[in-house]
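Trainee: I am new to this structure and would like to learn how each label given to a residue is justified. Could we go through the labels one at a time?

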Amino acid sequence: MSQGHAGGKIILMGEHAVVYGYPAIALPFSAVQVQVTVEEKGDSLSLSCALYQGLVHEMPRVWESLKHAIRLSLYRLGAPTDPGLHIEIESTIPPERGMGSSAAVAVAIARALFAFYGKDLSDKELWEIVQSAEAIAHGNPSGVDAATTSGQKPIWFVKGSELEHLELCLDAYLVVADTGKMGQTLSAVEDVADLLCTQPDAEAELVALGTLTQQARLYLATNQADKLGQVMNQAHHHLQILGVSDEALDKLVEVAQEGGALGAKLTGGGRGGCMIALADTRKKADDLVMVLKEAGASQTWIQQIGE
Ligand code: PMV
């Protein structure tokens, strides 16, 4: 029996713009995790998770990216295509909420299968497997999810460039709240691409998001939580203009801003999924959790940023 693990991720700044080469800042989010267990069982490859139990080759099309992560791992391992193995996925990462669930599952699957066959999995090979699966889940993934869910450190991510790890010196707390609605990363990414074709002026929103992410990096390094909050608020505004927010996200962002957050914005692909709010003390973070729950958040988490 072998296991593989991965955690969720939160994009602090830069979602959507990152697809076009602008920077993003993302953090591993250890409050949610996925564990994959692989063991010998039966004559054919089978899988169980919260939403599916059965043979891998009979999985419905919606599971295509997960199937691809399994197949590509087996191919890279030189293993049989349909071995007598059972894969069990246990996850506390809510799916389709901008927390990198699909990438984290792919990371944990590759790790568990490589461990099962006793082979080392290089960072490069893990990245290639996860990115290939993510291309099915998200169409045109920047790679920020693959990079964050496979690592332990906050990252500065620019598509096509070497990854940079960030030391966060910020004395603050991040409150994460789930709207309870499935996010729509694929359609949001496609619609931003269409918008850029039909209205080239929309590029200005991406430029602004890129600049705000640069500023955020400075504020994270120099412990300026209030300034970081301001750039988060501005980023949410630009994401709204790009059309990737929705009523549920806007409501939680507004409630957080009025409830004492230093700043708030959606996180991840948007159109459902999660939002984040910045609080300067644990007490403020707890208060924000209360108001966000009253406003309809289905789940909330608190993560200390400079831990
Ligand atoms: O919704 P998530 O967690 O998959 O985040 C997507 C982030 C985007 O910038 C919208 C897309 C990407 O590939 O970077």
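Mentor: What follows takes some labels in turn and sets each value against its definition. This is a predicted model, in which local features need pLDDT of at least 70 and side-chain atom pairs count only at pLDDT 80 or more, while totals for chains, interfaces and linings use all residues. Residues are numbered from 1 along each chain as its sequence is written, and side-chain values use heavy atoms, with hydrogens and water left out.

Trainee: Why is H86 called buried?

Mentor: Buried means under 20% relative accessible area, exposed over 50%, and partly exposed in between, with a 1.4 Å probe and protein chains only. H86 has a relative accessibility of 11%, and therefore counts as buried. This residue lies in strand β5 (residues 85-91), where strands (E, at least two residues) and helices (H or I, at least four) are DSSP runs numbered from the N terminus.

Trainee: What makes the pair H86 and S46 a polar contact?

Mentor: A polar contact is a pair of N or O atoms within 3.5 Å; within protein, one must be able to donate a hydrogen and the other to accept it, and residues adjacent in sequence count only if both atoms are side-chain atoms. The side chains of H86 and S46 are joined by such a contact at 2.7 Å. Contact in the general sense means heavy atoms within 4.5 Å, and, leaving aside neighbours within four places in sequence, H86 is in contact with residues including T37, V38 and S46.

Trainee: How do you know that H236 is buried or exposed?

Mentor: H236 has a relative accessible area of 4%, so the label is buried. Its place is in helix α7 (residues 225-242), and its side chain makes a polar contact of 2.9 Å with that of D250. Beyond its neighbours within four places in sequence, H236 is also in contact with S245, V253, A264, K265 and L266, as well as D250.

Trainee: What label does A295 receive, and why?

Mentor: A295 is called buried because its relative accessibility is 16%. This residue sits in the loop between α9 (282-294) and β11 (299-304), and its contacts, leaving aside neighbours within four places in sequence, are K251, L252 and V255.

Trainee: Why do C169 and C197 carry the labels partly exposed and exposed?

Mentor: C169 is at 44% relative accessibility and so counts as partly exposed, whereas C197 is exposed because its relative accessible area is 66%. As for disulfides, each being a pair of cysteine sulfur atoms within 2.5 Å, a search of the whole structure finds zero.

Trainee: What makes the span of helix α3 close to the expected one?

Mentor: The expected span is 1.5 Å times one less than the number of residues. Helix α3 (residues 123-138) has 16 residues and reaches 21 Å from its first C-alpha to its last, close to the expected 22 Å. Its buried residues, among them L126, I129 and H138, pack against α1 (64-77), α2 (101-116), α4 (144-149) and α5 (185-198).

Trainee: Which residues are closest to the ligand?

Mentor: The ligand is surrounded by 18 residues, of which the closest are K9, H138, S142, D145 and T185; a residue is near a molecule if one of its heavy atoms lies within 4 Å of it. An oxygen atom of the ligand is 2.5 Å from an N or O atom in the side chain of S142. The protein covers 97% of the 380 Å² of accessible area that the ligand has on its own, by the Shrake-Rupley method with a 1.4 Å probe.
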